[in-house]
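Q: I'm new to this one and would like a close look at a single part of it. Could you walk me through one charged residue and the side-chain pairings around it?

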Amino acid sequence: MKKFAPIFIIVATIAIIGYFDSALFAEKEAAIASFPLPAEEIASATTSSEQENDQSQQIATLETKLVDVTEDDGYVVEVYREYEVFKDEAGNIIESIPTENYQYLRYKE
């Protein structure tokens, strides 16, 4: 029995790999992947592509802005926050979205 177990495991592994590599499995996978999308998902997909087109016309840059200055044990601490700034082709700021990234600069008075 101990002699047949490794051979059985190898044969079973080859059979499983052969099944996943076969044309029969590829047809089943293609049938599953080709189900039509519900109308809600199609509508949301077109809406998101329209938003991407609008944002592609805008230029996004990251900028850090001073948010707060505090004193702590004889040190001055400046807090900067990163903003995602959208500009149009002319360079006018359209929208400024704060991110969750902060930077702290601490120096002695």
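A: Here is a walk through Glu-82, followed by the salt bridges and the rings.

This is a predicted model, so local features need pLDDT of at least 70 and side-chain atom pairs count only at pLDDT 80 or more, while totals for chains, interfaces and linings use all residues. Residues are numbered from 1 along each chain as its sequence is written, and side-chain values use heavy atoms, leaving out hydrogens and water.

Let's start with Glu-82, which sits in strand S2, residues 75-87 (strands are DSSP runs of E, at least two residues, numbered from the N terminus). Glu-82 is buried (under 20% relative accessible area with a 1.4 Å probe, protein chains only; exposed is over 50%, and partly exposed is in between). Even so, Glu-82 has no salt bridge (a side-chain nitrogen of Lys or Arg within 4 Å of a carboxyl oxygen of Asp or Glu). The nearest side chain of opposite charge, Arg-81, is 8.6 Å away (Lys and Arg count as positive, Asp and Glu as negative; His and the chain ends are not counted).

What Glu-82 does have is a polar contact, side chain to side chain, with Asn-101 at 2.6 Å (a pair of N or O atoms within 3.5 Å, where one must be able to donate a hydrogen and the other to accept it; neighbours in sequence count only if both atoms are side-chain atoms). Leaving aside residues up to four places away in sequence, Glu-82 also touches several others, including Leu-62, Glu-63 and Ile-97 (contact means heavy atoms within 4.5 Å).

Now for the salt bridges: the whole structure has 2. In one, Glu-63 pairs with Lys-87, with the closest N and O atoms 3.7 Å apart. Glu-63 belongs to strand S1 (residues 59-72) and Lys-87 to strand S2, so this pair ties together parts 24 residues apart in sequence. Glu-63 is partly exposed at 27%, and Lys-87 is partly exposed at 25%.

Arg-81 and Glu-100 also meet in a salt bridge, at 3.9 Å from N to O. Arg-81 is in strand S2 and Glu-100 in strand S3 (residues 93-108), so parts 19 residues apart in sequence are tied together. Arg-81 counts as buried at 18%, whereas Glu-100 is exposed at 65%.

Last, the rings. The charged end of Lys-65 sits over the ring of Tyr-83, 4.8 Å from its centre (NZ of Lys or CZ of Arg within 6 Å of the ring centre and within 35 degrees of the ring normal). Arg-106 lies over the face of Tyr-75, 4.0 Å from the ring centre.

Conventions:
Helix = DSSP H or I, 4+ residues; strand = E, 2+ residues; numbered from the N terminus.
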